[in-house]
Amino acid sequence: MHTETRTYTDYAGNERTETFSFNLTKAEVLEMEMKCSGGMEQYIKRIIDAQDTAEIISVFKELLLKSYGVISPDGRRFEKSPELTKEFAETEAYSDMFMELATDDVKAAKFVEEILPKMNEDQKKQANEMIAQYKERNATANPIPPSVQ
């Protein structure tokens, strides 16, 4: 989980300090992996190697918005909803964070590392095997569009 306290000026000219939290669950990461040919890591590597700046920025926007949420008062849940995401995306704090991640590769790498779930080697192996099996079974039935590859 990545938690960050930011001070920014809102649209009414008020200075605000708020804490924002970001996290992806294993299920969310698995879902993202399934959508990318070769997995999310290979997808990101390909767009970085191709120096596709527009696509890199698009990926960071997706990661920032998909990982945003609010920790429930009892700490049991990490609440996410389209409404919460929209509210966050409409703040200057989002704009500042987005610009920072898009222009600072060290901060971007740290952010991604912190939002990803911690998995031991067995869990990583099991997840990779599940992804490979799923892709094998669905390679011909549901080909991945070239725009995602």
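1. Helices here are DSSP runs of H or I of at least four residues, strands are runs of E of at least two, and both are numbered from the N terminus. Glu28 is found in helix H1 on that basis. The model is a predicted one. Please read every point below with that in mind.

2. Overall layout. The chain holds 7 helices and 4 strands. Their order along the sequence is β-β-α-α-α-β-β-α-α-α-α. The chain has 149 residues, and 29% of them are buried. Take the contacts between residues at least 6 apart in sequence: 58% of these join residues at least 24 apart.

3. The core. The largest nonpolar core contains 21 residues. Phe20, Phe22, Leu63, Leu64, Phe88 and Phe111 have the most contacts inside it. Which elements give two or more residues to this core? They are strand E2 (15–22), helix H1 (26–35), H3, helix H5 (92–103) and H6. The helices H3, H5 and H6 also pack on one another in pairs, as points 5 to 7 set out.

4. Leu64. This residue deserves a look on screen. Set aside its neighbours within four places in sequence. Leu64 then touches Phe22, Phe88 and Phe111. Its other partners are Tyr94, Met97, Phe98 and Leu101. Leu64 also belongs to the contact of H3 with H6 and to the contact of H3 with H5.

5. H3 against H6. Helix H3 spans residues 53–67 and helix H6 spans residues 105–115. Their axes come within 11 Å and cross at roughly 40°. Angles of 65 to 115 degrees count as roughly perpendicular and those under 35 as roughly parallel, so H3 and H6 are oblique to each other. The crossing is left-handed. From H3 come Phe60, Leu63, Leu64 and Ser67; from H6 come Ala108, Phe111, Val112 and Ile115. By class, this contact has 7 nonpolar residues, 1 polar residue and no charged ones.

6. H3 against H5. The axes of H3 and H5 come within 10 Å, crossing at roughly 135°. This pair is therefore oblique too. The crossing of H3 and H5 is right-handed. H3 supplies Ile57, Lys61, Leu64 and Leu65, while H5 supplies Tyr94, Met97, Phe98, Leu101 and Ala102. The residues of this contact divide into 8 nonpolar, no polar and 1 charged.

7. H5 against H6. What angle do H5 and H6 make? They pack at about 110°, and their axes are 5 Å apart. H5 and H6 are therefore roughly perpendicular to each other. On the H5 side the contact uses Met97, Glu100, Leu101 and Thr103. On the H6 side it uses Asp105, Lys107, Ala108 and Phe111. The class count is 4 nonpolar, 1 polar and 3 charged.

8. Glu28. Is this H1 residue buried or exposed? Buried means under 20% relative accessible area. Glu28 has a relative accessible area of 18%, so Glu28 is buried. Beyond its neighbours within four places in sequence, Glu28 is in contact with Asn23, Lys66 and Lys80. Glu28 and Leu116 are 88 residues apart along the chain, yet their C-alpha atoms are separated by 9.5 Å.

9. Asn23. This residue sits in the loop between E2 and H1. Its relative accessibility is 15%, so Asn23 counts as buried. Which residues does Asn23 contact, once its neighbours within four places in sequence are left aside? They are Met1, Glu28, Lys66, Ser67, Phe78, Lys80 and Ile115. Lys66 and Lys80 are partners of Glu28 as well. Ser67 and Ile115 reappear in the contact of H3 with H6.

10. Thr91. Thr91 lies in the loop between helix H4 (82–89) and H5. Thr91 counts as buried because its relative accessibility is 16%. Apart from neighbours within four places in sequence, Thr91 is in contact with Tyr8 and Tyr11.

11. Ser58. The last residue to check is in helix H3. Partly exposed runs between 20% and 50% relative accessible area. At 38% relative accessibility, Ser58 therefore counts as partly exposed. Ser58 and Ala102 are 44 residues apart in sequence, with 9.3 Å between their C-alpha atoms. Ala102 is one of the H5 residues in the contact with H3.

Methods:
Residues numbered from 1 in each chain as written. Predicted model: local features only at pLDDT ≥ 70, side-chain atom pairs only at ≥ 80, totals over all residues. Heavy atoms only, no water. Axes fitted to C-alpha atoms, helices over the stretch in contact; angles between N-to-C directions. Parallel < 35°, antiparallel > 145°, perpendicular 65-115°, else oblique. Left-handed = near helix turned anticlockwise from the far one by under 90°. Contact = heavy atoms within 4.5 Å. Nonpolar A, V, L, I, M, F, W, Y, C, P; charged D, E, K, R; others polar. Core = buried A, V, L, I, M, F, W, Y, C linked by side-chain atoms within 4.5 Å. Buried < 20%, exposed > 50% of the residue type's maximum accessible area, 1.4 Å probe, protein only.
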